[in-house]
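Work through the exercises below with the sequence and the model open. Each task is followed by a solution in steps.

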Amino acid sequence: MTTLLPIAIIGTGIAGLSAAQALHAAGHPVQLFDKSRGSGGRMSSKRSDAGALDLGAQYFTARDRRFVDVVQQWQARGWVAEWTPSLYNFNNGQLTASPDEQVRWVGSPRMSAITRAMLGALPVNFSCRITEVFRGEQHWHLQDADGNSHGPFSHVIVATPAPQASPLLSSVPKLAGAAASVPMDPTWAVALAFPTALETRVEGCFVQDSPLDWLARNRSKPGRDTQLDTWVLHATSQWTKQHLDMPKEAVTEHLLGAFAELIGCAVPAPALSLAHRWLYARPASAHQWGVLADSDLGIYACGDWCLSGRVEGAWLSGQEAARRLLEHLQ
Ligand SMILES: Cc1cc2nc3c(=O)[nH]c(=O)nc-3n(C[C@H](O)[C@H](O)[C@H](O)COP(=O)(O)OP(=O)(O)OC[C@H]3O[C@@H](n4cnc5c(N)ncnc54)[C@H](O)[C@@H]3O)c2cc1C
Ligand SMILES: NC(=O)C1=CN([C@@H]2O[C@H](COP(=O)(O)OP(=O)(O)OC[C@H]3O[C@@H](n4cnc5c(N)ncnc54)[C@H](O)[C@@H]3O)[C@@H](O)[C@H]2O)CC=C1
């Protein structure tokens, strides 16, 4: 019996884990790496005194049949639940109810529950920033920021945002160039917790003509801690770019001010506030690549930026990376 070399996967966001699960299911050993202390990437949740707060992805929709099917399996296992917020729209200074029929999903009891469950017992190195990916005579090797080498690996899947993928793809200039051509826009996120509930029916709101793009009542999502009235605000990409290096306290003050202006009820001082800057929040434009690949060399890049820039696109891109890799092995 021959021993298969593991496949290295850099990034434990939903794209990397989607690929990992598919390869593991096909009988291939994988080894995951992430620079963060936990999995989830932009679907991670921040633990706080007000419970877990979803600072990145707020909810997701499922339109592709393959993703619809997997989300149903996640629901059956209790990893996700449907969120049915009382939705509003803020436009031209008017806050109006904006109900619709769209099904929206969230991780349960927090967004990070999905990737945590997907990771399961797969082998992973956290707090391990990969700085170099190189090919020896036959196999792939990785170098991390602490100077450690990892390998050999039969294949490598880079599942990070495009600007972070580009340097890791430098051994295949065509792939590195494609990743470098995808700018990603930033998003400032602010979480607030109020000791008494705000007197509003709003649970989610799409916002126009404001520094804000979106706001959500975090505690209205299923399974969340409901002791405090928690909210998450997202700034527009444009406002974020203009205030990229603003101190967190000032960002919180500005976005809290914008929130108080539009929400239409008294907003007391929050008991807790925190700000997080997502430097690579969303691709500036969508692509239909699915995956970037050099199958002969055995290197692949996947992530939301290869498709729709949403959770669904990231998951599908991870599936596509695994599919292309397995196809080439046959
Ligand atoms: C503020 C915000 C709001 C959003 N809202 C929504 C929404 O409501 N609905 C929706 O569908 N989508 C939303 N998205 C987008 C969604 O979160 C992403 O499309 C999806 O999570 C991307 O997954 P991914 O696996 O491609 O990348 P990521 O989740 O970014 O995962 C990449 C991983 O790679 C790791 N990494 C990076 N570089 C290295 C390195 N050198 N070495 C090791 N590890 C590395 C990172 O730590 C990270 O864990 C939102 C995103 C943000 C930021
Ligand atoms: N802030 C960030 O960095 C990112 C935010 N992302 C957001 O994630 C969401 C995911 O998109 P989908 O899965 O397609 O979800 P969706 O179908 O709920 O929303 C898509 C878009 O349609 C609009 N919209 C939908 N429903 C309503 C409504 N009831 N009233 C008014 N407008 C509505 C709204 O503009 C929204 O952005 C979008 O809102 C993206 O803007 C995606 C990626 C990054």
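**Exercise 1: an enclosed strand**

Ala191 stands opposite Val232 in β15. This is a predicted model, in which local features need pLDDT of at least 70 and side-chain atom pairs count only at pLDDT 80 or more, while totals for chains, interfaces and linings use all residues. Residues are numbered from 1 along each chain as its sequence is written, chains are lettered from A and ligands numbered from 1 in the order in which they are written, and side-chain values use heavy atoms, with hydrogens and water left out.

Task: determine which strands pair with β15 and how its residues are covered.

Solution.
1. Strands here are DSSP runs of E with at least two residues, helices are runs of H or I with at least four, and both are numbered from the N terminus. Two strands pair if DSSP finds at least two bridges between them.
2. Strand β12 (residues 184–194) pairs with β15 in the antiparallel sense over six bridges.
3. Strand β14 (residues 212–217) is also antiparallel to β15, joined by five bridges; there, Trp214 stands opposite His234.
4. In a regular strand the side chains alternate between the two faces of the sheet. On one side of β15, Asp229, Trp231, Leu233 and Ala235 are buried, and on the other Thr230, Val232 and His234 are buried. Buried means under 20% relative accessible area, exposed over 50%, and partly exposed in between (1.4 Å probe, protein chains only).
5. Seven of the seven residues of β15 (residues 229–235) are buried, so the strand is largely enclosed by the rest of the structure.

**Exercise 2: two ligands**

Task: describe the shell and the polar contacts of ligand 1, then those of ligand 2.

Solution.
1. A residue is near a molecule if one of its heavy atoms lies within 4 Å of it. Around ligand 1 there are 36 residues, and Asp34, Arg42, Tyr59, Asp304 and Val311 come nearest.
2. By class, this shell has 17 nonpolar, 13 polar and six charged residues. At least two residues of the shell come from each of α1 (14–25), α4 (162–168), β16 (272–283) and α8 (311–329).
3. A polar contact is a pair of N or O atoms within 3.5 Å. Oxygen atoms of ligand 1 lie 2.9 Å from a backbone N or O atom of Ala15 and 2.6 Å from a polar side-chain atom of Asp34.
4. The protein covers 92% of the 1000 Å² of accessible area that ligand 1 has on its own (Shrake-Rupley method, 1.4 Å probe).
5. Ligand 2 is surrounded by 14 residues, with Tyr59, Thr61, Arg63, Ser98 and Thr187 the closest. The shell divides into four nonpolar, five polar and five charged residues.
6. A nitrogen atom of ligand 2 is 2.9 Å from a side-chain N or O atom of Asp100. For oxygen atoms of ligand 2, the distance is 3.2 Å to a polar side-chain atom of Arg282 and 3.1 Å to a side-chain N or O atom of Arg310.
7. Alone, ligand 2 exposes 790 Å², and the protein buries 68% of that.

**Exercise 3: an open sheet**

Task: state the strand order of the six-stranded open sheet and find its edges.

Solution.
1. The order is β7-β2-β1-β11-β18-β17, with mixed pairing.
2. β7 (124–125) and β17 (292–294) stand at the edges with a single partner strand each, so one side of each is left without a neighbour in the sheet.
3. β17 pairs with β18 (residues 299–301) in the antiparallel sense over three bridges, and Leu292 stands opposite Ala301.

Notes: Polar contact = N/O pair within 3.5 Å; in protein donor to acceptor, adjacent residues only side chain to side chain. Nonpolar A, V, L, I, M, F, W, Y, C, P; charged D, E, K, R; others polar.
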